[in-house]
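Open the model in your viewer and keep the selection tool at hand. The stops below say what to select and what is there.

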Amino acid sequence: MKITTNLTLVFVLILLPYFIINNINVTHNRQNVILETRYNHAMDTATQDAAKALIINGSQGAESQYEFQKRLRINKEEAVQTFFNSLYLNFDVFDNSAGQGVINSYVPVILIVGYDGYYVYYMDEFTNATGEKELKHVWSPKKPYAHSDQNGNTFGFTLDDFVTVNRNTDQQWFEGFRGEIAGTASIPLLNDASTFDQVRRASIVNPIQKDLEHYINMYNNFAKRNGVAYTFTLPLISQEEWNNTINDVGVLSFVQGMPMGEKYYNNYALGGSRVVKKPIYNGIIANGRKYYYSRNSCTSSFTTEEVFSSEKDAASNGYIPLDCTVGNRN
């Protein structure tokens, strides 16, 4: 009996640390999931608020006119200020300038998608009045959705098929919807609606992707010089989400490197000016199987492999629904 008791005691002494460590890990994971959910909500809310502010003070009554549904004037300054104010409120630093500076440092880039061009609000380095280096958000100039074909014709695209064209042979300008000017301009790209749309979308998405990578890399260099070891990267954004991004004027925001336990919080949010937020479904791989879940109803500690805007798209890519009663319900 004494031998059995001693063996039991030995097993308990051996296994106890593992139970304690496992319990600590479970607690930390649960806290991280709660924190990530809170951060997601703050990001989504701030970006949607920014998208509303983008047009509320910029359209001035033109919203109801059909021809202006996409050709809205935008107020980018109001949009980014609203974005940061929303974050300050959610992180309880609205009256704390030092806390606001910390929040600002986690936002390397905000993209404003306009009707005929885009702006990037990015971090740049300046020398202040005391001679010290400091980082500050600044605006890029407006960048048009430009394209030049093999014949030297140049195109200024928009978020719909309204286009401005300079014909290279005689330097004549044409402006109007593709179908309206195709006959008079006699430029091959205007004659094929499908090819026109493909080129238009590529002319919008490709420069935006390159600029985002450029400004995030630039921010990495600043951060490294200030002793930050973490390397920020452009989050994975599905092609479908890029397509959604260019369907309407809106805001694409990034928060990166925010401490979250032993991890860093990296995420982005898209806010469309119509304020019709589509559901977002994250695709994960767990135990060798593909699962998807709605960001509005579930969370997961697994790495997001792909992002979808519908359950149908997730299913067509081999993902099956994640049971929130098994995962983590919001």
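Select Phe83 first: at 0% relative accessibility, this residue is buried in the predicted model. Add Phe84, which is also buried, with a relative accessible area of 6%. The two ring centres are 5.3 Å apart and the planes meet at 85°, so Phe83 and Phe84 form an edge-to-face pair. The whole structure holds 12 aromatic pairs.

Now select Phe162 and Phe177. Their ring centres lie 5.2 Å apart with the planes at 85°, so this pair is edge-to-face. Phe162 belongs to strand E6 and Phe177 to strand E7, so the pair ties together parts 15 residues apart in sequence. Is each ring's residue buried or partly exposed? Phe162 is buried at 11% relative accessibility, while Phe177 is partly exposed, at 29%.

Next, show helix H4, residues 178-185. Which of its residues are buried? They are Arg178, Ile181, Ala182 and Ala185. Look down the axis of H4: the buried residues fall within an arc of 125°, so they line one face of the helix. In general, an α-helix has 3.6 residues a turn, so residues three or four places apart point the same way. On the other side of H4, colour Gly179, Glu180, Gly183 and Thr184, which are exposed. To see what the buried residues of H4 pack against, display strands E6 (162-167) and E7 (172-177) together with helices H5 (188-191) and H6 (193-225). Just after H4 comes Ser186, with a positive phi near 55°.

Move to strand E9, residues 263-272, and pick Asn267. Asn267 is buried, with a relative accessible area of 10%. Its side chain makes a polar contact of 3.0 Å with the side chain of Tyr265. Leaving aside residues up to four places away in sequence, Asn267 touches Asn40, Met43, Ser253, Phe254, Val255 and Arg295. Tyr265 is also part of an aromatic cluster with Tyr39 and Phe91.

Stay in E9 and select Asn266. Asn266 is partly exposed, at 31% relative accessible area. A polar atom of the Asn266 side chain lies 2.9 Å from the backbone nitrogen of Gly257. Draw a distance from the C-alpha of Asn266 to that of Val107: the viewer should give 10.0 Å, for residues 159 apart along the chain.

For the last stop, select Lys76. Its charged end sits over the ring of Tyr119, 4.7 Å from the ring centre. The charged end of Lys76 also sits over the ring of Trp139, 5.1 Å from that centre.

Conventions
Residues numbered from 1 in each chain as written. Predicted model: local features only at pLDDT ≥ 70, side-chain atom pairs only at ≥ 80, totals over all residues. Heavy atoms only, no water. Buried < 20%, exposed > 50% of the residue type's maximum accessible area, 1.4 Å probe, protein only. Helix = DSSP H or I, 4+ residues; strand = E, 2+ residues; numbered from the N terminus. Arc of directions from axis to C-beta. Contact = heavy atoms within 4.5 Å. Polar contact = N/O pair within 3.5 Å; in protein donor to acceptor, adjacent residues only side chain to side chain. Phe/Tyr/Trp six-rings, centres within 6.5 Å; stacked < 30°, edge-to-face > 60°. Lys NZ or Arg CZ within 6 Å of the ring centre and 35° of its normal.
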